[in-house]
Amino acid sequence: MILRTFGWSFGVTVVGLLLALLYDGPTGLALVAVLAVLEVSLSFDNAVVNAKVLDRMSAFWQKIFLTVGIAIAVFGMRLVFPLLIVGITAKLSPVEAFDLALNDSHRYHQLMNDAYPMIAAFGGMFLMMLFLDFVFEERADKWLPWLERPLARIGKLDQLSVVVAGGSLALVAWLSASDPGSVMIAGVLGMVTYILVNGLGELFSEASGDDDEDEEEAAEAAEAAEAGKGGGRSGPSSLALATGKAGFFLFLYLEVLDASFSFDGVIGAFAISTDPIVIALGLGIGAMYIRSLTVFLVRKGTLHEYVYLEHGAHWAIGALAVCMLVSIGHHVPEWITGGLGAGLIIAAFVSSVVRNRNEDGDSPDSAAGGGRPLHSSQV
């Protein structure tokens with residue numbers, strides 16, 4: 001299972017480290033390794049959220065996410081995106097921007113820093129909308145009931161997430177931004193992108209679910225029959241899998257989500273190296289592990305068994321969104337953003353384990369010496 005899921009990541013790691021060694025010697029090798037660890041630590045919550053969405057996609061779109069998607073993530077966001085940002089900021093062509101990155105790393109770094117407030121506003125607002133839509137929705141399972149219950153209650157107010165996110169953006173632009181107009185435009189674009197992509201995905205998912213009701217019932221029956229055979233597999237739940245347009249918009253949603261997460265890692269990487277090749281190799285290796293981890297979570301059914309993991313991931317997303325907005329006017333060290341995300345997810349995992357053990361203790365099967373039941377209900 002481990003080799004089948006992480007095999008490509010292991011292979012890319014070996015190739016990437018060898019290329020780094022050939023490109024810049026032992027120094028390049030060390031920098032690429034550090035950047036890969038940085039990317040994984042900053043994006044672990046991304047894998048948890050990705051797994052929740054990937055669970056709803058058909059096998060075809062899952063393969064697209066793991067092939068075309070990884071190419072976009074590695075080459076598009078970790079190599080081409082910084083060059084485009086610098087090119088737009090300095091009014092250079094992509095070739096000139098690449099030449100600037102190789103021959104004048106200080107100027108290249110400065111241009112990226114100049115563009116960071118707009119990047120942080122776009123990514124921060126996209127992630128903020130994702131977090132707010134989660135916490136304002138009523139859910140059967142609550143990780144932090146003393147907080148999540150009142151948030152879900154006030155979340156019944158229509159479009160509250162837009163109001164809170166827009167107010168936060170205006171406040172940050174007014175208090176922290178040196179160019180409030182550009183920050184407001186970038187932030188609003190981030191909100192619009194989230195609303196558009198998420199809305200289209202839900203629209204076509206509902207349409208697909210209505211058209212494929214018979215197929216869904218057949219899938220449920222097949223899964224129930226498989227479970228009756230004692231397979232013991234705790235994989236994805238029996239939801240109608242998104243195909244066609246629904247699958248495409250879920251794929252698009254995942255790519256924009258990955259881009260929003262990658263902003264922080266790409267900018268943070270410049271604190272370690274300004275060489276675009278080294279950054280692309282290191283962050284590319286990290287992105288591969290995030291993809292593999294996403295697949296692992298889906299195949300193992302981890303989110304169904306440890307129900308608070310999704311909650312922890314979304315609270316980590318909220319923390320990252322706040323850090324990105326704060327960083328528009330003040331530098332936020334990468335260890336803070338990575339540490340907050342990892343800490344919240346670890347806390348959610350521990351809470352899930354405690355919950356499962358408590359339910360086992362109350363279960364008649366447990367008293368009779370039976371095994372622990374799988375928790376496959378949707379969060």
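## Exercises on aromatic pairs and helix H10

Let's start with Phe6, a residue that counts as buried at 12% relative accessibility. The model you are looking at is a predicted one, and residues are numbered from 1 along each chain.

**Exercise 1.** Work out how the rings of Phe6 and Phe10 are arranged, and where the two residues sit in helix H1.

*Solution.* Begin with the wider picture: a search of the whole structure gives nine aromatic pairs. For Phe6 and Phe10, the ring centres are 6.2 Å apart and the planes meet at 25°. Centres within 6.5 Å make a pair, and planes under 30 degrees apart count as stacked, so Phe6 and Phe10 are a stacked pair. Next, place them in the chain: both belong to helix H1 (residues 2-54), four residues apart, which puts about one helical turn between them. In general, an α-helix has 3.6 residues a turn, so residues three or four places apart point the same way. Finally, compare their surroundings: Phe6 is buried at 12%, whereas Phe10 is partly exposed, with a relative accessible area of 37%.

**Exercise 2.** Classify the pair of Phe6 and Phe296, and find which helices it links.

*Solution.* Take the geometry first: the centres of Phe6 and Phe296 are 6.0 Å apart, with 50° between the planes, and the pair is tilted. Now look up the helices. Phe6 lies in H1 and Phe296 in H10 (residues 276-300), so this pair ties together parts that are 290 residues apart in sequence. Both Phe6 and Phe296 are buried. To finish, widen the view: Phe6, Phe10, Tyr289 and Phe296 form one aromatic cluster.

**Exercise 3.** Describe the span and the burial of H10, and say what follows it.

*Solution.* H10 has 25 residues, and the distance from its first C-alpha to its last is 36 Å, close to the 36 Å expected at 1.5 Å a residue. As for cover, 21 of the 25 residues in H10 are buried, leaving the helix mostly covered. After H10 comes Gly301, with a positive phi near 65°.

**Exercise 4.** Which residues form a nonpolar patch on the surface together with Val350, and is Val350 buried or partly exposed?

*Solution.* The partners of Val350 in this patch are Ile346, Phe349 and Val354, and the four together have about 340 Å² of accessible area. Val350 itself lies in helix H13 (residues 334-362). Its relative accessibility is 45%, so Val350 counts as partly exposed.

**Exercise 5.** Where does the charged end of Arg355 sit?

*Solution.* Look at Tyr308: the charged end of Arg355 sits over its ring, 5.8 Å from the ring centre.

Conventions: This is a predicted model: local features need pLDDT of at least 70, side-chain atom pairs count only at pLDDT 80 or more; totals for chains, interfaces and linings use all residues. Side-chain values use heavy atoms; hydrogens and water are left out. Rings of Phe, Tyr and Trp (its six-membered ring) pair if their centres lie within 6.5 Å; planes under 30 degrees apart count as stacked, over 60 as edge-to-face and the rest as tilted. Buried means under 20% relative accessible area, exposed over 50%, partly exposed in between (1.4 Å probe, protein chains only). A charge sits over a ring if NZ of Lys or CZ of Arg is within 6 Å of the ring centre and within 35 degrees of the ring normal. Patches are made of residues with over 30% relative accessible area and no salt bridge: like charges are joined within 9 Å, nonpolar side chains (Val, Leu, Ile, Met, Phe, Trp, Tyr) within 5 Å. Accessible areas come from the Shrake-Rupley method with a 1.4 Å probe; for residues, only the protein chains shown count as cover. A salt bridge is a side-chain nitrogen of Lys or Arg within 4 Å of a carboxyl oxygen of Asp or Glu. The expected span of a helix is 1.5 Å times one less than its number of residues.
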